[in-house]
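Please take a moment with the sequence and the model, and then follow the text below from one part of the fold to another.

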Amino acid sequence: GDAMLARTPLPPSLRDLARAALGRSGHGDVEQKLMELEADIAAGRSQVWAFGRSLIITNSTEDERGRVGLFYHVVAGDLGEVLRGEEVISQYAADSGADFVRGHGRKGWARTMMRQDSRWQKLRETEAGVIMQKDLRHG
């Protein structure tokens with residue numbers, strides 16, 4: 001089922017997914033990033049969600065107005081599973097009192113998310129893609 005996993009080290013299959021996703025994001029030393037990620041998970045700063053063969057790792061964030069949200073730090077796997085998983089996480093975030101969820105992805109990903117759920121908005125473009133945000137509170 002759809003479960004939040006809080007265990008480290010990550011099981012090998014999820015570790016490989018995370019490693020591949022970190023490699024694609026092009027931010028420095030992948031093994032170093034993986035170690036930092038697992039330390040964050042172990043300390044409870046990041047949450048791991050597994051959906052079938054897909055993975056989403058989230059951490060808490062704040063926006064410019066001091067509102068609290070969840071940031072999709074690592075997203076990897078099958079798009080269909082990720083989209084279903086994202087809805088589960090959004091609901092969890094809303095139920096936990098978060099104001100928004102936010103993620104960073106390629107432009108094609110941004111279009112897919114906006115088609116899936118009209119609450120997704122493009123915040124800004126970056127060299128690597130687009131930062132998107134979905135507000136969970138109305139108003």
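In this predicted model, the side chains of D16 and R19 come together in a salt bridge, with an N to O distance of 3.0 Å. Both D16 and R19 belong to helix α1, where they stand three residues apart, about one turn of the helix. D16 is partly exposed, since its relative accessible area of 46% falls between the limits of 20% for buried and 50% for exposed. R19, at 25% relative accessibility, also counts as partly exposed.

This pair is part of a wider set, as the structure holds 14 salt bridges. Another of them joins the side chains of R119 and D117, again with 3.0 Å from N to O. Here R119 is partly exposed, with a relative accessible area of 35%, whereas D117 counts as buried at 12% relative accessibility. R119 and D117 do not stand alone, for a network of salt bridges links them with E86 and K134. A further salt bridge is formed by K122 and E125, whose closest N and O atoms are 3.4 Å apart. K122 is partly exposed at a relative accessible area of 43%, and E125 is likewise counted as partly exposed, with 47% relative accessibility.

E86, one member of the network just described, is also among the buried residues of helix α3, and that helix can be followed from one end to the other. At its start, a side-chain oxygen of D78 reaches to within 3.2 Å of the backbone nitrogen of G80. How far apart should the ends of α3 be, at 1.5 Å a residue? The helix has 17 residues, from 79 to 95, so a span of 24 Å is expected, and the end C-alpha atoms of the model are indeed 24 Å apart, which agrees. Along this length the buried residues are E81, V82, L83, G85, E86, I89, S90, A93 and A94. Just after α3, G97 takes a positive phi of about 95°.

Another glutamate to look at is E38, which has its place in helix α2, residues 30–42. Is the residue E38 buried or exposed? Its relative accessible area is 11%, so E38 is buried, the limit for that class being under 20%. The side chain of E38 has a polar partner, as it reaches the backbone nitrogen of L10 at a distance of 2.9 Å.

The helices met so far return when one turns to the open space in the model. Rolling a probe the size of a water molecule over the atoms shows where empty space is left. The largest pocket holds about 850 Å³ of space, and 26 residues line it. Several elements give two or more residues to this lining, namely α1, α2, β4, α3, β5 and α4; of these, β4 covers residues 68–76, β5 covers 100–105 and α4 covers 107–116. Which element gives the largest share of the lining of the largest pocket? That share, six residues, comes from β4. Nearest the centre of the pocket lie A21, S25, H73, V75 and H104. Sorted by class, the lining is made up of 13 nonpolar, seven polar and six charged residues.

Terms used: Residues are numbered from 1 along each chain as its sequence is written. This is a predicted model: local features need pLDDT of at least 70, side-chain atom pairs count only at pLDDT 80 or more; totals for chains, interfaces and linings use all residues. Side-chain values use heavy atoms; hydrogens and water are left out. Helices (H or I, at least four residues) and strands (E, at least two) are DSSP runs, numbered from the N terminus. The expected span of a helix is 1.5 Å times one less than its number of residues. Buried means under 20% relative accessible area, exposed over 50%, partly exposed in between (1.4 Å probe, protein chains only). A polar contact is a pair of N or O atoms within 3.5 Å; within protein, one must be able to donate a hydrogen and the other to accept it, and residues adjacent in sequence count only if both atoms are side-chain atoms. On a 1 Å grid over the protein atoms alone, a cavity is a set of points where a 1.4 Å probe fits but cannot get out, and a pocket is an open set with protein on both sides within 12 Å along at least five of seven lines; lining residues have an atom within 4 Å of a point. Grid points are joined across faces, edges and corners, and a volume is the space filled by probe spheres set on the points. Ala, Val, Leu, Ile, Met, Phe, Trp, Tyr, Cys and Pro count as nonpolar, Asp, Glu, Lys and Arg as charged, and the others, Gly among them, as polar. A salt bridge is a side-chain nitrogen of Lys or Arg within 4 Å of a carboxyl oxygen of Asp or Glu.
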